[in-house]
Amino acid sequence: MASLLRAIATTFFSLLLFLGISVSSAQASTVEVKLGTDAGMLAFEPSTVNISAGDSVKFVNNKLAPHNAVFDGREDLSHPDLAFAPGESWVKTFDTAGTYEFYCEPHRGAGMVGKVVVN
Ligand SMILES: [Cu+2]
């Protein structure tokens, strides 16, 4: 009887351990980038984000719309549609390490550019 209980306990704790490991390793994070700063500047905030491969960036329309975010040569990461409404958002996932530069088409000339660094 004691050995049966021990076997059950061992199985139970192995299962907990397994679940704990799989949850933590599968946990990708999402970082927010605002389009137009809270202070009303034509910029991404923050303009540089550092993430890990598999993480996502959520672009959130903020002030001085319209904005978009274009990654040259990367249609899959770009969002060329202009966002007009505050709070409008989209999410892009970055699976491969590297540095990805992007810009807002209407405001590129004003310096509205950003960078996603994927480690
Ligand atoms: Cu813009």
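# A tour from Asn-50

Select Asn-50 to begin: Val-117 in β9 stands opposite Asn-50. Before going on, note that this is a predicted model, in which local features need pLDDT of at least 70, side-chain atom pairs count only at pLDDT 80 or more, and totals for chains, interfaces and linings use all residues. Residues are numbered from 1 along each chain as its sequence is written.

**Strands around β9**

Widen the selection to residues 48–51 and 113–118. These are β3 and β9, which run parallel and are joined by four bridges. Strands here are DSSP runs of E with at least two residues, helices are runs of H or I with at least four, and both are numbered from the N terminus. Two strands count as paired if DSSP finds at least two bridges between them.

Add residues 98–103, strand β8, which pairs with β9 in the antiparallel sense over six bridges. Within this pair, Tyr-103 stands opposite Val-113 in β9.

**The whole chain**

Now show everything. The protein has one helix and nine strands, and along the sequence the helix comes before the strands, in the pattern α-β-β-β-β-β-β-β-β-β. Of contacts between residues at least 6 apart in sequence, 60% join residues at least 24 apart; a contact means C-beta atoms, placed from the backbone, within 7 Å.

**The four-stranded sheet**

Which strands make up the open sheet, and in what order? The order is β2-β1-β4-β7, and the pairing is mixed. The edges are β2 (44–45) and β7 (89–93); each has a single partner strand, so one side of each lacks a neighbour in the sheet. Select 30–35 and 56–61 to see β1 and β4, which pair in the parallel sense over six bridges. Val-33 is placed opposite Phe-59 in β4.

**The nonpolar core**

Next, select Leu-35, Phe-44, Val-57 and Phe-59. In the largest nonpolar core, which has 13 residues, these four touch the most other members. β1 and β4 each supply at least two residues of this core. Such a core is a set of buried Ala, Val, Leu, Ile, Met, Phe, Trp, Tyr and Cys residues joined through C-beta atoms within 7 Å. Buried means that 20 or more other C-beta atoms lie within 10 Å of the residue's own; with 12 or fewer a residue is exposed, and in between it is partly exposed, C-beta atoms being placed from the backbone. Buried residues make up 17% of the 119 residues in the protein.

Centre on Leu-35. Residues up to four places away in sequence aside, Leu-35 touches eight partners listed here: Phe-44, Phe-59, Val-60, Asn-61, Asn-62, His-67, Ala-83 and Cys-104.

**Glu-45 and Pro-46**

Move to Glu-45, in strand β2. Glu-45 has 17 other C-beta atoms within 10 Å, so it is partly exposed. Beyond its neighbours within four places in sequence, Glu-45 contacts Val-33, Lys-34, Thr-37 and Asp-38. Its C-alpha atom lies 9.8 Å from that of Met-112, although 67 residues separate the two along the chain.

Glu-45 is joined to Pro-46 by a cis peptide bond, with omega about -5°. Pro-46 sits in the loop between β2 and β3.

**The loop between β4 and β5**

Finish at Leu-64 and Pro-66. Most residues other than glycine have a negative phi, and most peptide bonds are trans. Leu-64, which is not a glycine, has a positive phi of about 55°; its place is in the loop between β4 and β5. Is Leu-64 buried or partly exposed? Leu-64 counts as partly exposed, because it has 19 C-beta neighbours inside 10 Å. In this loop, which leads to β5 (67–69), lies Pro-66, joined to Ala-65 by a cis peptide bond with omega about 5°.

Key: Contact = placed C-beta atoms within 7 Å.
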